[in-house]
Amino acid sequence: MFSKKEETIILYEKLLEEFEALPKVNTNPTFMELCHMISDRFEERCSQILCFFLKPNAPHKLHDLLIKSLLDAVKIDIPYSLRDVHVRTEEKTSDGKFIDITVTGDNFVIAIENKIGAELYNPLDSYVSHIKECYNNKKYQFFIVLSARRIVDTKEIRKMECHNYLYVNYSTLFEKIKQNLGHYAIEADHNYLTFLFDFIRTIEKRYYFTNMELNKFFFSNRDHIENLISQYDAFKKNILQEQTEHISQLQGRISALTEVNWSLLNGYLYITFNEESDKIGIESNFCNNETFDNPLGDFHINITVWGKKDFDPYEGDLKAAYPNCHIDYNPECGDRVYLHLPRIDGSDTEAILKSLVDCYKTVKEIADKHQ
């Protein structure tokens, strides 16, 4: 017989094993997602990307990969010349409507209504009339609704059928692109090929890769997961409280040992020199690498200079004093420069204090020299 506490641990261990075994979706942001602006209409951006890749003579050098794949998706095989293909977005009709994408060739025209997630409310009859009137010299005329959303509503289906529109789901188009890529990839500009696959993954992430198995797991184990998260948050809070108490004690002791007041802010114990000129200081804190045997984790001390140009006067002396320590010019941290001292076991208070005192004496001497 297991105790209630042991049963809970076994439950959580089983839960984590099931979670690790589930397939995971790549949730890293695509380049398209990184470039998203608040005022940016996703559908219009997709139309612009499609327009570029539909142009056979564009710099991507994928030639007619997109056109062929689109025609394959609607099972149409017609002859055409690549030299005479033109693509445009937002072509205006005589009654003031706009066709998302128009592709014209020597003997064909394709009107594409690009629907990402919205319903099919567009005036398809207007588009058809415009194409028949303006492109009556084209032997082949095709009307396509390209949608990321799966269209199953009978009204929308009837609307497409009534105006001779063919329906293509983005997933079908992407499948055809991947099937046809073959020899196109050899001549392609691989920078643009990367952009194409980034576009594909952006749509797939948003509309297709919902990871039903993972969703089912979360729904089925919601209460246990929420309880586990709650327990883990309490666990982290206890560690943080222990670290906070410990660094507060260090503040009092190091201030007494150096006979100068050290400051404490957001878990960092620090002191600064040369505030009015080339500011330099010592920053220290407990790192987030706690273990069962060492819940405090390691203690990290670094010498910080607040401006890269201010580092120049100190560089030679710091390198001489700490020849084996890493200097970090990290652009993510603004203009600061860090010299990282070796980490110390967070539970070894005496070693921490000794290192802080030695570092204080060294940095003060260097700071005074360049004051």
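Trainee: Leaving aside its neighbours within four places in sequence, which residues is Val103 in contact with?
Mentor: Happy to start there, with a word on the model first. The model is predicted, so local features need pLDDT of at least 70 and side-chain atom pairs count only at pLDDT 80 or more, while totals for chains, interfaces and linings use all residues. Residues are numbered from 1 along each chain as its sequence is written, and side-chain values use heavy atoms, with hydrogens and water left out. With contact meaning heavy atoms within 4.5 Å, the partners of Val103 are Leu54, Ile67, Val85, His86, Val87, Phe108, Val109, Ile110 and Ile112.

Trainee: How many residues are in the largest nonpolar core?
Mentor: A nonpolar core is a set of buried Ala, Val, Leu, Ile, Met, Phe, Trp, Tyr and Cys residues joined through side-chain atoms within 4.5 Å; buried means under 20% relative accessible area, exposed over 50% and partly exposed in between, using a 1.4 Å probe and protein chains only. Val103 is one of the members that touch the most others, and so are Leu54 and Tyr170. Elements that each supply at least two residues include helix 4 (65–73) and strand 2 (98–104), where helices (H or I, at least four residues) and strands (E, at least two) are DSSP runs numbered from the N terminus. The number of residues in this core is 43.

Trainee: And how many residues does the other core hold?
Mentor: This core lies apart from the largest one. Its members include Ile301, Phe311, Ile327 and Ile352, and its residue count is 34.

Trainee: How many of the residues of helix 4 are buried?
Mentor: The buried ones are Leu65, Leu66, Ile67, Ser69, Leu70, Leu71 and Ala73. Helix 4 is therefore largely enclosed by the rest of the structure, its buried share being 7 of 9 residues.

Trainee: Which strand is joined to strand 9 by 7 bridges?
Mentor: Strand 9 (residues 298–305) is mostly covered, with 7 of its 8 residues buried. Strands pair if DSSP finds at least two bridges between them; strand 9 pairs antiparallel with strand 12 (residues 344–345) over 2 bridges, and 4 bridges join it, also antiparallel, to strand 11. Val305 of strand 9 stands opposite Ile280, and the antiparallel partner with 7 bridges is strand 8.

Trainee: Which residue forms a salt bridge with Arg336?
Mentor: A salt bridge is a side-chain nitrogen of Lys or Arg within 4 Å of a carboxyl oxygen of Asp or Glu, and here the closest N and O atoms are 3.7 Å apart. Arg336 lies in the loop between strand 10 (326–328) and strand 11 (337–340) and its partner in strand 8 (residues 280–286), so the pair ties together parts that are 53 residues apart in sequence. Arg336 is partly exposed at 28% relative accessible area, whereas its partner counts as buried at 12%. That partner is Glu283.

Trainee: How far apart in sequence are the parts that Glu350 and Arg253 tie together?
Mentor: This pair is a salt bridge too, with closest N and O atoms 3.2 Å apart, and the structure holds 14 salt bridges. Arg253 is partly exposed, at 40% relative accessible area. Glu350 lies in helix 12 (residues 349–369) and Arg253 in helix 10 (residues 222–258), so the separation of the parts in sequence is 97 residues.
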